[in-house]
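Hi everyone, thanks for coming. I'd like to walk you through a structure that's new to most of us, so have a look at it first and then we'll go through it together.

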Amino acid sequence: MTQSQFLKILKMVQSLHTDFEEGITDENAYDMALSIIADNPGLKEYINEYCGASDAVGWLMCEM
């Protein structure tokens with residue numbers, strides 16, 4: 001995973017809240033984070049290494 005790829009994914013993740021008028025529930029955020037990580041090989045490792053997060057799913061949830 002390159003920094004450019006990561007930033008593209010992060011931008012998409014940070015804009016997800018605009019698709020939900022009532023906000024994103026924790027359950028939805030968790031499911032979406034799992035899917036995003038599954039669909040993007042190397043994302044979990046990138047978050048762990050470069051963002052310093054031991055829980056990549058939780059980190060992505062917070063970015064939503």
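Before anything else, one term: when I say contact, I mean heavy atoms within 4.5 Å. And keep in mind that this is a predicted model. With that in hand, take the contacts in the protein chain that have a separation of 6 or more: 59% of them are between residues 24 or more positions apart.

Okay, the overall layout. How many helices and strands does the protein chain have? Four helices and zero strands, so to speak a plain α-α-α-α when you read along the sequence. The C-alpha trace spans about 35 × 20 × 20 Å along its principal axes. What about the radius of gyration? For 64 residues, a compact globule would come out near 11 Å, and the protein chain has 11 Å, so the two agree. Of those 64 residues, buried ones make up 31%. The accessible surface comes to about 4400 Å², and carbon and sulfur atoms account for 49% of that.

Now on to how the helices pack. In general, you describe two packed helices by the angle between their axes and the distance between the axes. Let's start with helix α1, residues 3-15, and helix α4, residues 56-63. Their axes come within 8 Å and cross at roughly 55 degrees. That makes α1 oblique to α4. Who meets whom there? On the α1 side you've got Phe6, Leu10, Val13 and Gln14, and they meet Trp59, Leu60 and Glu63 in α4. Sort the residues of that contact by class and you get five nonpolar, one polar and one charged.

Helix α4 has another partner to look at, helix α3, which covers residues 43-50. Here the axes are 9 Å apart and the angle is about 85 degrees. An angle from 65 to 115 degrees counts as roughly perpendicular, and α3 and α4 are therefore described that way. From α3, the contact is made by Leu43, Lys44, Ile47 and Asn48, and from α4 by Ala56, Trp59 and Leu60. By class, the contact of α3 with α4 again has a simple split: five nonpolar, one polar and one charged.

You'll have heard one name come up in both lists, tryptophan 59, which lies in helix α4. Which residues does it touch, leaving aside neighbours within four places in sequence? Tryptophan 59 is in contact with Phe6, Leu10, Ile47, Cys51 and Ala53. Take isoleucine 47: it sits twelve residues from tryptophan 59 in sequence, and their C-alpha atoms are 7.9 Å apart in space.

Last stop, glycine 42. You'll find glycine 42 in the loop between α2, residues 26-39, and α3. Is it buried or exposed? Its relative accessibility is 27%, so glycine 42 counts as partly exposed. Along the chain, glycine 42 and threonine 18 are 24 residues apart, and their C-alpha atoms are separated by 26 Å.

That's my tour, thanks for listening.

How values were computed:
Residues are numbered from 1 along each chain as its sequence is written. This is a predicted model: local features need pLDDT of at least 70, side-chain atom pairs count only at pLDDT 80 or more; totals for chains, interfaces and linings use all residues. Side-chain values use heavy atoms; hydrogens and water are left out. Axes are lines fitted to C-alpha atoms, for helices over the stretch in contact, and angles run from 0 to 180 degrees between N-to-C directions. Helices (H or I, at least four residues) and strands (E, at least two) are DSSP runs, numbered from the N terminus. Angles under 35 degrees count as roughly parallel, over 145 as roughly antiparallel, 65 to 115 as roughly perpendicular and the rest as oblique. Ala, Val, Leu, Ile, Met, Phe, Trp, Tyr, Cys and Pro count as nonpolar, Asp, Glu, Lys and Arg as charged, and the others, Gly among them, as polar. The radius of gyration is taken over C-alpha atoms; the globule rule is 2.2 Å times the number of residues to the power 0.38. Buried means under 20% relative accessible area, exposed over 50%, partly exposed in between (1.4 Å probe, protein chains only). Accessible areas come from the Shrake-Rupley method with a 1.4 Å probe; for residues, only the protein chains shown count as cover.
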